Every structure is written in C-alpha cells, then in structure tokens.
Amino acid sequence: MGSLDTIIQELVVANRILAHEDVVDAYGHISVRSPDNPRHFFIARSLAPELVERDDIVELGLDGQPVREESRALYLERFIHAAIYEARPEVQAVVHAHAEEILPFGIARATPLRPVIHSGSFIGAKVPVWDIADKFGDTNLLVTNMEQGRDLAKCLAGNNVALMRGHGFASAAPSLIEVVRLSVYLPRNARALLRAKQLGGEITYLRQGEIDARNRGYSPYSPETWRAWEYWATKAGCGHMLNQPEHAHAKKKAPK
Ligand code: MN
C-alpha cells in the first residue's frame, strides 16, 4: 500500500464511512499522513464528510497550513491533526468528531470511558480527558491554533483516544483503517457502558490482558479487518472505490 493515489481514495472512502456510521455529521474530520512526506498530511477542505470527493482533499503541513495556494475554506480545527502528527511520528491517521455517545464521559468524570466490549478494546486501556479551559480559560471550545492542538496532543500522549470536555474526541492510529475502526467502535463502547451503568451495580471493564490479546499480532490489512472496511464502505455506497488487498486477490486465484 501507500501510493498517493490509493491513500487519497481511501481517505475519501473513510470520510463516507464515518458519516454513514454516525461518527461524524456536518462536522468532524479525518486525515491521513502523506506517504511521500511525513511532515505533510491530507484532509478535506471545510465540507461535511458525507460529501467529500477526491478534489476536496487538500495537503497541509504540520503547522496546519496548506502547502499550496488554497482559496477554499479549511476546517477551523485542522490543528488537532497537525499537532498529533507532530507529536506522534508513528501515527498515520487522525479523526476528530463529536459522536454523542462519548460526550457524557468528558463531562461526568466519575465513570472513566474504558473498554467494556471486545470491539472497544481498540480504543486502548486509557482514554484521557482534555479540558481546553485548563490552559486557555473561556474559549469557544474549538481548537483553532497550534498551541491548543499541542496541548491536546500532550494530553493524548501515547494513547489512542482523548476525549475533549464538552466537545468530542480525537483519535489516532497507525493506519486509516485502524483509525476508522476505532472511531466507529468508540461510541458503541460508550453506549454499552452507559447502558450498563443504568442497570446498576459494579461495572466490569475489559481486563488489561484481554485488551492486549485483542490488539496483539494485528495487521490493518488482515482478512478480519478488511471484512469490516469492505462492509462499511459498501454500506456507505462506495464499495466500488475499494482497492482489493492481496489476500482478496489470492483467494480468487486459488479456489481450492
Ligand atoms: Mn470539533
């Protein structure tokens, strides 16, 4: 994997998937680091993810500014992405969204958002909560410059997800497929935890060993992960835009 063309195509698909899975709505965005230049990343111009096409993808630097002349409006919160790529060299893809199910956990801190279901293990054992007011006082809650982005990235540290108090979340992963998968299952894990709380009694979170077992020996293009990507993309109406991975071809060539 990795040609520029393929990556941009996958980014368009990822936008549509996140929209169809209700992770994003009119707001929220996903980006991917450039395979050609680790100091650049790709993200849509200011547009609802559902509507993103190839021509809407722009290339930004780690300062959050476009690398070419750009007259179209950009996402105000692109600095979330820039700062996370700056802080985390291994991260290849970032999502920021406001999925409703996760919001209570950034507001009521007594119950931490941690994995409680097996697909929730992708969010990682710890999900820190970032409060923009801690350092910046009264703002409009948006991350609109590098200083704020860096503060968020610092709170995220080496984790996969950080909640943003009263606002949403930021997630980071080593590939587009992984960041989409973790961002789809994050609200579902939050919903299961909320409902379990309503039933009352003590919450049984996934054990550290269970989280580790689920994340071990994992390849983003394994048949299991591809199955989800293919399903979500098809459901979002862009199955025709997929590039089949090696194992899918191999299966067709060797019917035995
Ligand atoms: Mn936001």
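**Exercise 1. Find which strands helix H6 lies across, and at what angle it runs to S7.**

Solution. Helix H6 lies across S1, S4, S6 and S7, and its direction makes an angle of about 145 degrees with S7. Contact here means heavy atoms within 4.5 Å, while axes are lines fitted to C-alpha atoms, for helices over the stretch in contact, with angles from 0 to 180 degrees between N-to-C directions. Helices (H or I, at least four residues) and strands (E, at least two) are DSSP runs, numbered from the N terminus. The structure is a predicted model, in which local features need pLDDT of at least 70 and side-chain atom pairs count only at pLDDT 80 or more, whereas totals for chains, interfaces and linings use all residues. Residues are numbered from 1 along each chain as its sequence is written, and side-chain values use heavy atoms, with hydrogens and water left out.

**Exercise 2. Describe how helix H1 packs against H6.**

Solution. Begin with the geometry: H1 (residues 4-20) and H6 (residues 176-199) pack at an angle of about 5 degrees, and their axes are 10 Å apart. The two helices are therefore roughly parallel to each other, given that angles under 35 degrees count as roughly parallel, over 145 as roughly antiparallel, 65 to 115 as roughly perpendicular and the rest as oblique. Then turn to the residues that make the contact, which include Ile-7, Leu-11 and Ala-14 of H1 and Leu-176 and Val-180 of H6.

**Exercise 3. Work out the order of the strands in the sheet, and what stands at the edges.**

Solution. The open sheet has seven strands in the order S3-S2-S1-S4-S7-S6-S5, with mixed pairing; two strands pair if DSSP finds at least two bridges between them. S3 (57-61) and S5 (129-130) stand at the edges with a single partner strand each, so one side of each is left without a neighbour in the sheet. The partner S2 (residues 40-44) joins S3 in the antiparallel sense over five bridges, and within this pair Phe-41 has Leu-60 as its bridge partner.

**Exercise 4. Place strand S4 among its neighbours and decide whether its faces are covered or not.**

Solution. On one flank, S1 (residues 29-33) runs antiparallel to S4 and is joined to it by four bridges, with Val-32 opposite Ala-93. S4 also pairs with S7 (residues 168-173), again in the antiparallel sense, over five bridges, and there Ala-93 stands opposite Ala-173. In a regular strand the side chains alternate between the two faces of the sheet. In S4, Ala-93, Val-95 and Ala-97 on one side and Val-94 and His-96 on the other are all buried, where buried means under 20% relative accessible area, exposed over 50%, and partly exposed in between (1.4 Å probe, protein chains only).

**Exercise 5. Identify the residues that coordinate the manganese ion, and say where His-98 and His-167 lie.**

Solution. The ion is coordinated at 2.1 Å by Glu-77 (OE), His-96 (NE2), His-98 (NE2) and His-167 (NE2); donors are N, O and S atoms within 2.8 Å of the metal (3.2 Å for Na, K and Ca), and water is not among the atoms, so sites may look incomplete. His-98 lies in the loop between S4 and helix H3 (103-107), and His-167 in the loop between S6 (161-164) and S7, so the pair ties together parts that are 69 residues apart in sequence. Finally, consider exposure: His-98 is partly exposed, with a relative accessible area of 26%, whereas His-167 is buried at 9%.
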